[in-house]
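Colleague: Please give me a close look at the inside of this model. Start with the nonpolar core, then follow the chain out to the charged pairs and the surface.

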Amino acid sequence: QLQLVESGGGLVQPGGSLRLSCAVSAATLDYYNIGWFRQAPGKEREGIACISNSIGSTNYAGSLRGRFTISRDNAKNTVDLQMNSLKPEDTAVYYCAGKTELLFRNCVLSTGNDYDTWGQGTQVTVSS
């Protein structure tokens, strides 16, 4: 059964960077799409980025493209989210999630309702 564990959250000053990591317990990432999502207090869950199964294509929320980068290390079975130029409005709990995808096609960024396995989340706070 797929399991995901996030790490790397914390407190960072505006303009700073953080790298979140999602450790995926699976024999291979080739059959899973992995996405990063976030939810701030009082707000709906927001999709940040996704990376497709074996083809490794990526998709981003338009407003975050250029500041956030999703990447995958197949040898370590991890999917990372590099976050640069952080702003106070990036403060949220960040989650990675996975879903089985047997078709080799680009992932579609969503709010996550189509993902069936979630990590426990990691808090990111951007504040001076």
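Modeller: A nonpolar core here is a set of buried Ala, Val, Leu, Ile, Met, Phe, Trp, Tyr and Cys residues joined through side-chain atoms within 4.5 Å. Keep in mind that this is a predicted model. With that rule, the largest core comes to 29 residues, and W36, L81, M83 and Y94 are the ones with the most contacts inside it. Plenty of strands chip in: β3 (18-25), β4 (32-39), β5 (46-51), β7, β8 (78-83), β9 (92-100) and β11 (122-126) each supply at least two residues. The biggest contribution is from β3, which gives 4 residues. As a general point, nonpolar side chains tend to be buried together in soluble globular proteins.

Take L81 as a way in. Leaving out its neighbours within four places in sequence, L81 is in contact with L18, R19, L20, W36, I48, F68, T69, I70 and Y94. Two of the names on that list, W36 and Y94, are also among the residues with the most contacts inside the core. There is another core as well, lying apart from the main one: it has 5 residues, including F37, A97, C107 and Y115.

Now step across to I70, one of the residues L81 is in contact with. I70 sits in strand β7, and it counts as buried because its relative accessibility is 5%, where the cut-off for buried is under 20%. Its contacts beyond four places in sequence are I34, W36, A49, C50, I51, T58, Y60, V79, D80 and L81. So which atoms give a feel for how the chain is placed around I70? The C-alpha atoms of I70 and N59 are 8.7 Å apart, and the two residues are 11 places apart along the chain.

Go back along the chain from there and you reach R67, in the loop between β6 (58-60) and β7 (68-73). Is R67 buried or exposed? It is buried, because its relative accessibility is just 14%. R67 is in contact with Q82, M83, N84, S85, L86, K87 and D90, again leaving aside neighbours within four places in sequence. M83 in that list is one of the core residues with the most contacts, so this arginine touches the main core directly.

The partner to look at is D90. Side chains of opposite charge can pair when their charged atoms come close. R67 and D90 do this in a salt bridge of 2.8 Å, N to O. The pair ties together distant parts of the chain, 23 residues apart: R67 is in the loop between β6 and β7, and D90 is in the loop between β8 and β9. The two side chains are also joined by a polar contact of 2.8 Å. D90 is buried too, since its relative accessibility is 1%. Beyond its sequence neighbours, D90 touches R38, L64, R67, F68, S85, V124 and V126.

R38 on that list leads on to the next pair. E46 forms a salt bridge with R38, with the closest N and O atoms 2.8 Å apart. R38 is buried, because its relative accessible area is 8%, whereas E46 is partly exposed at 27%. Put the two pairs together and you get a network of salt bridges that links R38, E46, R67 and D90. The full salt-bridge count for the model is 6. Another one of them joins the side chains of E101 and R105, at 3.5 Å from N to O. There E101 is buried, with a relative accessible area of 9%, and R105 is partly exposed at 47%.

To finish, head for the loop between β9 and β10 (117-118), where F104 is found. F104 counts as exposed because its relative accessibility is 54%, and exposed means over 50%. With Y31, I55 and L102, F104 makes a nonpolar surface patch of about 430 Å². L109 lies in the loop between β9 and β10 too, but L109 is partly exposed, with a relative accessible area of 23%. L109 touches G47, I48, A49, C50, N59, Y60 and A61, not counting residues up to four places away in sequence. Of these, A49, C50 and Y60 also turn up among the contacts of I70. For a sense of distance, L109 and G56 are 14 Å apart, C-alpha to C-alpha, and 53 residues apart in sequence.

Conventions. Residues are numbered from 1 along each chain as its sequence is written. This is a predicted model: local features need pLDDT of at least 70, side-chain atom pairs count only at pLDDT 80 or more; totals for chains, interfaces and linings use all residues. Side-chain values use heavy atoms; hydrogens and water are left out. Buried means under 20% relative accessible area, exposed over 50%, partly exposed in between (1.4 Å probe, protein chains only). A polar contact is a pair of N or O atoms within 3.5 Å; within protein, one must be able to donate a hydrogen and the other to accept it, and residues adjacent in sequence count only if both atoms are side-chain atoms. Contact means heavy atoms within 4.5 Å. Patches are made of residues with over 30% relative accessible area and no salt bridge: like charges are joined within 9 Å, nonpolar side chains (Val, Leu, Ile, Met, Phe, Trp, Tyr) within 5 Å. Accessible areas come from the Shrake-Rupley method with a 1.4 Å probe; for residues, only the protein chains shown count as cover. A salt bridge is a side-chain nitrogen of Lys or Arg within 4 Å of a carboxyl oxygen of Asp or Glu.
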